[in-house]
Amino acid sequence: RQIMREQERVAFFKDPEFKRTLKLAEDSADPSLARKADAYQRQAVFHRSWTKEEKARETILLSEIQADRQRESNWTSPDGQLDISLGRGWKSVGEQAAELSPELFSELVSAWVDEQTNWIGTELEELIRLRNEVARREGFDSYWELALYHRGLSPEDVSAIMADLERVVLPLNQAAQARIQEASESLGVPNDFAHGPVLRTRAGLSPADSSLNAWFDADLAEERVGKAFSELGLPTDGIQVYTGPSRYTRPGAYSYALRPPEHVAIVLSSDRRWSTWQYSALAHEMGLATWWRNLPAEVADTPIFWQPPTPWFEGIGQFFERIILEPQFAADHIPEFPKEHLGDLRTWRIQKTIERITRYLNVTRLEQQLYERPGQWAALSQESAQAEKDLAGRTWDAPSSSNGLVFAEGFQSGLMLHFPAYVQNYLFATTTEALLWQTLESTFGVVTGNPEIGPWMIKELIHPVSTDTSFPERLAEIAAEPDRSAAVGRYLKQ
C-alpha cells in the first residue's frame, strides 16, 4: 500500500495537465498565484523525478534497513544469570548491567556497539546513491539539498541556524560536563561512555522521567489538554482524536488535515497509563490541528496554503508543548501534583531541550555528509563522533565496533533515513517556539491559561501566513526579540 501511495503521488506531479497549470501560474503577474506556484513547485520537485521502479526500490531498501536495525540480539553473561537485549538504548542496557565486573561490562559495551552499527553498509549506500541520482535530475548536487528546497530551506539557512544554536548549547554542555566530572570523582566511577547515563543522573542532568510521569494520567490527557486549549481561546471541540496501543495504532503522534477547517484528526499511540509524553505529544498535534481549524475561508480550497513549511509549523506544535509542561499547567489541571515539585517540570523540559538541540545538530551535520560521501562509513563515523564529542564538551572518546566503526549517535536517527532533511526542522522549530513565547510573554505577561493568546495567534499569525506572507517574514515582523539564538538562550538559562 505504501508503494502504491508513493507511486500515485509521483504520477500526480508528472501529469501533463498539472505541469501546464504550474507553468501558467509561474508566469502569472498575480502575486498570490505566483506564491501558490512556488509552493507547488517545492512539492513537485520532491516527487516528480522518481520513476515508479525507483520509488519501489527505495521503499524496499528502507524496509530492509529497518529490519536490520530492529533485529533482536542478546548478550548473556558467562554464568547465564544475565540476559540483555542489545536492541535497546545504552542507558537501559547499562542499568541492567550495573553489577557486572569491569571486564564483563567492557565486553557488553563492545557487543552493544556492534549491534548498533552492523546495519551500516551496502543497503544504506545504495539508498543514498539512489536518492542522489534522483536529485541530480532536478539540478541539485545531493538529495539532501533537494529535500531542503522542498521544505523551504537552503544549505545556507541550515548552516546559519546551526552556528547560532551551537553557540548557545556549547557553554551549557561544557558546564554540564564539569558537573559530570564532579559526580565521577565523588562516586569513584570512570567518566566514560559506559558510565555516562548514571553520571548524568547523579549530576542532576537527567531528571528521572518516571518521577514526573507518575502524575500525568494518560487516560485524562485529552480532557486536560483540551481544557488548557479552551482557556487560551482555542476550543478543540470537533477535533477527532483516536488513541490506542501501538500494536493497533501507528506508533507516535500524528495530525491530519482531512478537510479543514471543519475536519481534522489526531492519531496517538498509547502504551503507558502514566506518561508526560502523552500530554506533550497531544498538545503538539492539537497545536497543528488548531491552526487548520482557524484557517480563513478563502484558503480552505487551497491545500498548499493549509500550513506553513514544516521548519516553522513544527515550531507551532512545540510552542503548545511548552505550555503543557509549564508549572502553571500542572497547578491548574493536575490537582494531585506535588506543589513543591512544580518547578521540576520546567527544569526537566529545559534539560531535555538542550539534549535535543545537541542531538539534532549532530544528526543534521552527519546527514549532509552522508549524501556528499556515501559509503565512507569509517571516516564519517570517526568525524561524526569527534564532532559530537566537541559539542558535548566531553573528554572521552566513543567506543568502536569490531569492524572499525566509531559509535556516533547521529547514525541512530531513524528520522534521518525515512524523512530526508527533516531533522533540521526541529532546530528552526526551537527558535520559533522561543521567539513566539517571548513575544507573547512581553505582550500579555502570562501565557499559560490566558484567553487572549488564541485570538492573537489567529489574527497576527495564522491568517496573515495563510493568505499573503511567509511564516519567517511574519515572525520577524511581530517578534519582540530579533535575535533567535538570544531567545533560545534566555529560556535554556532559566
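**Exercise 1. Decide whether Gln351 is buried or exposed, then place this residue in the structure.**

Solution. The model considered here is a predicted one.
Step 1. The relative accessibility of Gln351 is 15%. A residue counts as buried under 20%, so Gln351 is classed as buried.
Step 2. Gln351 belongs to helix α16.
Step 3. With neighbours within four places in sequence left aside, Gln351 is in contact with Arg200 and Leu205.

**Exercise 2. Describe the largest nonpolar core, and state which helix gives the most to it.**

Solution. Step 1. In soluble globular proteins, nonpolar side chains tend to be buried together.
Step 2. In this model the largest nonpolar core comprises 119 residues. Trp291, Ile316 and Phe411 have the most contacts inside this core.
Step 3. Helix α16, residues 342-372, gives the most, with twelve residues.
Step 4. Another core, of 16 residues, lies apart from the largest one; Ile84, Phe105, Trp112 and Phe193 are among its members.
Step 5. Ile316 may be examined individually. Residues up to four places away in sequence are not counted; Ile316 then touches Gly287, Leu288, Trp291, Leu436, Met457, Leu461 and Phe471.

**Exercise 3. Work out the order of the three strands in the open sheet and the sense in which they pair.**

Solution. Step 1. Strands of a sheet pair through backbone hydrogen bonds, either parallel or antiparallel.
Step 2. Begin with β3, residues 240-244: this strand pairs with β5 in the parallel sense, over five bridges. Within this pairing, Tyr242 has Val267 of β5 as its bridge partner.
Step 3. Turn to β4, residues 253-259, which runs antiparallel to β5 and is joined to β5 by six bridges. Here Tyr254 stands opposite Val267, and Ala257 stands opposite Val264. Val267 of β5 thus appears in both pairings, as the bridge partner of Tyr242 and opposite Tyr254.
Step 4. The strand order is β3-β5-β4, and the pairing is mixed. The edge strands β3 and β4 each pair on one side only. From one strand to the next, the twist averages 15°.
Step 5. Helix α13, residues 276-293, packs on this sheet and touches β3, β4 and β5. The direction of α13 makes about 165° with that of β5.

**Exercise 4. Explain why strand β5 is described as largely enclosed by the rest of the structure.**

Solution. Step 1. Strand β5 spans residues 263-269 and has seven residues.
Step 2. Five of these seven are buried, and therefore β5 is largely enclosed by the rest of the structure.

**Exercise 5. Characterise the loops that adjoin β4.**

Solution. Step 1. Arg247 is located in the loop between β3 and β4. Its relative accessibility is 64%. Since exposed means over 50%, Arg247 is counted as exposed. The C-alpha atoms of Arg247 and Ser269 lie 8.7 Å apart in space, while the two residues are 22 residues apart in sequence.
Step 2. β4 and β5 form a hairpin, with three residues between them. Pro261 is found in the loop between these two strands.
Step 3. The peptide bond from Pro260 to Pro261 is cis, with omega near 10°.

**Exercise 6. Compare the backbone of Ala421 with the general expectation for phi, and decide whether this residue is buried or exposed.**

Solution. Step 1. Most residues other than glycine have a negative phi, and most peptide bonds are trans.
Step 2. Ala421 is not a glycine, yet has a positive phi of about 55°.
Step 3. The residue lies in the loop between α18, residues 414-418, and α19. At 0% relative accessibility, Ala421 is buried.

**Exercise 7. Classify Glu452 by its accessibility.**

Solution. Step 1. Glu452 is in the loop between α19, residues 425-444, and α20, residues 453-467.
Step 2. With a relative accessible area of 46%, Glu452 is partly exposed.
Step 3. Glu452 and Leu440 are twelve residues apart along the chain, and their C-alpha atoms are separated by 9.6 Å.

**Exercise 8. Describe the second largest pocket and its lining.**

Solution. Step 1. The second largest pocket holds about 400 Å³ of space.
Step 2. Its lining consists of 21 residues; Gly94, Phe105, Ala194, His195 and Val198 lie nearest the centre.
Step 3. Helices α5 (90-96), α6 (102-117) and α10 (196-202) each supply at least two residues of this lining.
Step 4. Phe105 therefore has two roles to record: a lining residue of the second largest pocket and a member of the core of 16 residues.

Key: Residues are numbered from 1 along each chain as its sequence is written. This is a predicted model: local features need pLDDT of at least 70, side-chain atom pairs count only at pLDDT 80 or more; totals for chains, interfaces and linings use all residues. Side-chain values use heavy atoms; hydrogens and water are left out. A nonpolar core is a set of buried Ala, Val, Leu, Ile, Met, Phe, Trp, Tyr and Cys residues joined through side-chain atoms within 4.5 Å. Buried means under 20% relative accessible area, exposed over 50%, partly exposed in between (1.4 Å probe, protein chains only). Helices (H or I, at least four residues) and strands (E, at least two) are DSSP runs, numbered from the N terminus. Contact means heavy atoms within 4.5 Å. Two strands pair if DSSP finds at least two bridges between them. Axes are lines fitted to C-alpha atoms, for helices over the stretch in contact, and angles run from 0 to 180 degrees between N-to-C directions. On a 1 Å grid over the protein atoms alone, a cavity is a set of points where a 1.4 Å probe fits but cannot get out, and a pocket is an open set with protein on both sides within 12 Å along at least five of seven lines; lining residues have an atom within 4 Å of a point. Grid points are joined across faces, edges and corners, and a volume is the space filled by probe spheres set on the points.
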